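These are my notes on the model, set out point by point. Please read them with the structure open.

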Amino acid sequence: MVTTRGKKINFSADGSDGEPDDVELEVPAVKRASKRRKPNKSNVKDDDTAFEPSSSATKGKGKAVPEQPQLITRRGGRGGKLRDLMNMPIDIFAEVCSYLEPFDIRRLALTSQRLWEILMTKESRAIWKRALNAVPGLPPCPNDLNEPQYVWLLFSSECQTTGCSGRGTRADWYHRVRYCADCYEVEMTNNWLLSYNGQIQSQFDSDTLSVVQKYFDSNPVMRRTWVRAGTKKDEKHFRLSTLKRATAGYDALSTPEERAEWLTKLKDDRDYRVSTGKAMREWKSKQMADRSKDIEEVKKARFESIKAKLLELGWEENDCPTFKKEFRDIAFKDQKLTPKIWQTILPKLEPLLHTERAERRERERQHRRFTREAAFRKFYNQARCEVVKLTQGVEHGQILPYWDDLLRIPSVKTMIEDDTETVTEAQLIRVGPDVRVFILKWWRGYLAKWVTAVDSGTMAGFEGESKSWLNKEEQEGNDEEQQEGDDEEEDAISAGIDALSDRLAYATSGLICRSSRCKRITWFPQAIQHHLAERNSYGIEWLRHHMEPFGAERKALVERMLKDLGFEKPETVRREEVAEEASEKEYLCTRCDERIAKYMTFEELITHYLDANTWYDQVTEAVRTNPETCHPQRALDNPLPTTINNHEWLSNDAQIVRKDAQATREAVLQLQTEFMKTELTDPACATEYMAKHSKEPDLETDLLTFTAYPRPRLLLRMKLML
């Protein structure tokens, strides 16, 4: 019979700081046996041979009973099947416990008061040591803990606060404690709270705390990868109860020698706790990693078993929604799959599998459609580049219809909606003529809108032909027009496009950018390129908001210029006939003084006449309102200089533009250079800089210089330009 003589293990290890004193191991509660009806006592004695199973003495007529193994059953309503465990020899009991894990021994001790009294004695210490030595890589038990405490700290997930039933998720290997989240906030603190929290500061003497605090900081063991910021939300590395005992012990010492000796012992104890605490932390981290790996392997094995059974039932591997939480909670569980579990989870898996199969097939159908659309888009990009010739730098996708607009073509719509892996080359060849006719019709309609806008002088009513920009009624109307004109020949459509393109190429068909910082004049199709680059927009629908065609006045001005340049029919002159290169500056305004006039391009010349009236009006108003500023030497009562606006081309039939030969142009430039050196070199004004660095005068620069540096010679220059 197991003897329990000897003292029980004292869980208060002899530590210098007495820290483990309040760490108590729970003792199983003794439950009072419930009252039961006493069984009828038999007169048969325990040593009666008739009670033995081998005996033939039975009730009734003494029939022989076959020999059966003896079972451990309840006797007298007390005890259980393990009641004879207390009767086995101690060496056999120790041998049985040697096959248990350390934490299993602790749980065995908690099963009854009797086992607790047996396993929590010094005579049973060998059992604990043998179990701990069997754990691979486990650091030896520290000398400030006994074996049951060490097992509780490393293997248990219980809070060590007496009476708390929470999970001990927060372990401190330096202080050898494990708390739940709530108890951790109460029992532990950090440096910030010790320094600034008045409620905690009141529990300690500041001088004593400053001496002993550094010996109880678990930061060397429990530090994280990040750096503490010095706030109240820092990690808590100080145990309040330990600090209280340490400060009390320090104050109890009277002589400096005793205190110095005591601090030396605390330092040695701290170094020991740091080294053993790091070992425990590293082992626990490795154990958790190995445990996580084992759990993952169990989960994968369970999923593979489930997948194999699903394949046997006719499901496919892609039908398993492994990315859904509902499926993962069932399939990836750290529990081995058994036939009973399979019968339980199969009804839960089938709805998820049906849903995933339907969604997967829909995704595959959409992917096949996307593949067909991609092949058709590539074909359409090549076709529209061949059909419509645009200027370099203009993307066809920005002005021509989107590819999905071509779904209005029945043959294209049928090809795209046919659920096949991709479209073949033969299918693309069959729909090629329909695509070409659609693009040509769209382009012809687009050019017709341009011609209408140029003739009317306004972009109102100009709309893009892309289906994405049309409302429902307009889409239906365009579809009907297309169906009515399906028999139209491609050559006839191309001829109409050529005629419209020629009409837009007239010099009188220009457009002006509405941007306040641009105001550039362009012609089709360069207007599209300029619009897309200036506005950084996408789509021709926005073009009508940012471009303005020539009105009647601008058209008359252009015709007047063309007439002066010698063209007999200015209304039909193409832009290319005026100048081969738009950047050539070969035209001279005849209304400006030849000594300061500059050569301009055809576009700049139009802008020059359109803006000249506005500029001269501003200068004239400045001279009239501020004569002292414009001419300081002139008296207020003297008459102002008379300005004549010779750029008024409507009321004056004189020539407004000319195109000089190379020799004449060189002579004019030489004249302007000599004039700027002799007449525009006033050292007191900015014209001296202009005479050195500018060969051609600029209207805007002249006006700014005139208002910023008023001098008499500047007034002379203004009079010359007028």
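The points below cover the basis of the model, its overall make-up, two sheets, one lysine and the salt bridges.

1. Basis. The model is predicted; local features need pLDDT of at least 70, side-chain atom pairs count only at pLDDT 80 or more, and totals for chains, interfaces and linings use all residues. Residues are numbered from 1 along each chain as its sequence is written, and side-chain values use heavy atoms, with hydrogens and water left out.

2. Overall make-up. The chain holds 29 helices and 10 strands, taken as DSSP runs (helices H or I, at least four residues; strands E, at least two) and numbered from the N terminus. It has 722 residues, of which 39% are buried, meaning under 20% relative accessible area; exposed is over 50% and partly exposed lies in between (1.4 Å probe, protein chains only). About 42,800 Å² is exposed by the chain, with 50% of it supplied by carbon and sulfur atoms; areas come from the Shrake-Rupley method with a 1.4 Å probe, and for residues only the protein chains shown count as cover. Among contacts (heavy atoms within 4.5 Å) with a separation of 6 or more, 68% are between residues 24 or more positions apart.

3. Sheet with S5. An open sheet of 3 strands runs in the order S6-S5-S7 with antiparallel pairing; two strands pair if DSSP finds at least two bridges between them. Strand S6 (521–522) and strand S7 (547–549) are the edge strands, each pairing on one side only. Strand S5 (residues 511–513) is joined to S7 by 3 bridges, and Leu511 has Pro549 in S7 as its bridge partner.

4. Sheet with S8. Another open sheet of 3 strands has the order S9-S8-S10, again antiparallel. Strand S9 (599–600) and strand S10 (657–659) each have a single partner strand, so one side of each has no neighbour in the sheet. Strand S8 (residues 587–589) pairs with S9 over 2 bridges, and Leu588 is matched with Tyr599 in S9.

5. Lys284. What is the nearest side chain of opposite charge to Lys284? It is Glu101, 11 Å away, and Lys284 is buried without a salt bridge. Here Lys and Arg count as positive and Asp and Glu as negative, while His and the chain ends are not counted. Lys284 lies in helix H12 (residues 256–312). Its side chain makes a polar contact with that of Gln287 at 3.0 Å. A polar contact is a pair of N or O atoms within 3.5 Å; within protein, one must be able to donate a hydrogen and the other to accept it, and residues adjacent in sequence count only if both atoms are side-chain atoms. Leaving aside residues up to four places away in sequence, Lys284 touches Leu154, Phe155, Trp173 and Arg178.

6. Salt bridges. The whole structure has 35 of them, each a side-chain nitrogen of Lys or Arg within 4 Å of a carboxyl oxygen of Asp or Glu. One of them joins Arg125 and Glu147, with the closest N and O atoms 3.0 Å apart. Arg125 is in helix H4 (residues 125–133) and Glu147 in helix H5 (residues 147–155), so the pair ties together parts 22 residues apart in sequence. Arg125 is partly exposed at 34% relative accessible area, whereas Glu147 is buried at 6%.

7. Further charged groups. Glu235 and Arg170 form a salt bridge at 3.5 Å between the closest N and O atoms. Glu235 is in the loop between helix H10 (219–222) and strand S4 (238–239), and Arg170 is in strand S1 (residues 170–172), 65 residues apart. A network of salt bridges links Glu316, Asp319, Arg357, Arg360 and Glu364.
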